[in-house]
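What follows is a guided reading of one model, moving from its cysteines to one of its helices. Please keep the sequence and the structure in view while reading.

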Amino acid sequence: MNKVVVGLSGGVDSSTAAAILHDQGYEVIGLTLWLMKGKGQCCSEGMIDAARICEQLGIPHHIVDIRDVFQTNIVDYLVAGYSTGITPLPCSQCNKTVKFGPMLQYARENLECDRIATGHYARIQYDQATGRYQLLRALDRNKDQSYFLYDLSQDLLAGTVFPLGELQKTDTRRLATEHGLKTADKPESQDLCLVESNGSMRAFLDKYLAPKKGDIVDPTGKVLGQHDGVHHYTIGQRKGLGVAAAEPLYVIELDAVNNRVIVGDRTKATQPECTVGRVNWVSMSEPSTPIRTEVQIRYRSTPVPVTVIPLENSRVRVVFDEPQFSITPGQAAVWYDGDKVLGGGIIEQFS
């Protein structure tokens, strides 16, 4: 029970998490997942920095090659989504199927350990009354990553520790400096690992999806301009449309079947409700009747009041008290009760 496997990306957060647990007397084992080739915070450079941290702390370091898993669950998933006109959110998918799941499996099967830890900013607590592990926001709301963790199962939550959940980011930097960690001053990753390694999401997608010219049209079907692939656009996008108009225009629909990008004014990019699929109920069991809660439809969006109506096949209907702008199929909708993550899923469509 005193052994913990810490996922080390080579960044300051995971490094400090390892140092904290080491100070607390845990037998810490470092584990780095090899996700892809090339540069990037979590790959070649990250593995080197992670190895240095393990050497500094005097702990063993394991590297697990899961490039095939990453290719299937993230790269192929993203390419398939963009090709059909949705904007997938890779981070939540990656956390469950590529990071936490494989890490805990490796720890159990190879290291005789039932506990993993990461540098994520979130908290976990056990509710005796319901017998469920609950996922909570981090105390540092500016760094809170619970939105990306909604898909973790009860088994994964039971086996996971978040040492930074009670800390502010400034505390993490301070502790890293006090421990003399080589990553103390390392800049934070500013984007998705795939974006960092390819330069931009467009550059990444262009490696897999060939340009396909089509029309940019208004809601009546009037042609306003041309595009070179629906995968280069997302719902709510305003900049880079290359269309002149008397009023600002936004992408309101991506019609991949007919290879059209449909644009309109802001009101047409605002919707009263959406359906959400692949729902995971986290801190509560699946309800049989509608619940009142708050939802985030993007990582940095402000939670807004909604009614969540359960449907069949792990789906729900989310009805907003006030219509919301830029509801994007493929992104996550995560509902909260205060700091508590009740559940979440992937936006399928809007009404």
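In this predicted model, Cys94 is buried, with a relative accessible area of 8%. Cys94 takes part in no disulfide, for the nearest cysteine sulfur, which belongs to Cys193, lies 6.2 Å away, whereas a disulfide is counted here where a pair of cysteine sulfur atoms is within 2.5 Å. Cys113 likewise counts as buried, its relative accessibility being 2%, and it too is in no disulfide, with the sulfur of Cys54, the nearest cysteine sulfur, 14 Å away. By this rule the count of disulfides comes to zero.

From the cysteines we can turn to helix H6, which spans residues 169-178 and in which Lys169, Thr172, Leu175 and Ala176 are buried. These four residues lie on the same side of H6, because they cover an arc of only 120 degrees around its axis. The spacing has a general background: an α-helix has 3.6 residues a turn, so residues three or four places apart point the same way.

The other side of H6 presents a contrasting picture, since Thr170 and Glu178 are exposed there. As for what covers the buried residues of H6, the cover includes helix H1, residues 12-23. Following H6 along the chain, the reader comes to Gly180, whose phi is positive, near 65 degrees.

Notes
Residues are numbered from 1 along each chain as its sequence is written. This is a predicted model: local features need pLDDT of at least 70, side-chain atom pairs count only at pLDDT 80 or more; totals for chains, interfaces and linings use all residues. Side-chain values use heavy atoms; hydrogens and water are left out. Buried means under 20% relative accessible area, exposed over 50%, partly exposed in between (1.4 Å probe, protein chains only). Helices (H or I, at least four residues) and strands (E, at least two) are DSSP runs, numbered from the N terminus. The arc is that of the directions from the helix axis to the C-beta atoms. Contact means heavy atoms within 4.5 Å.
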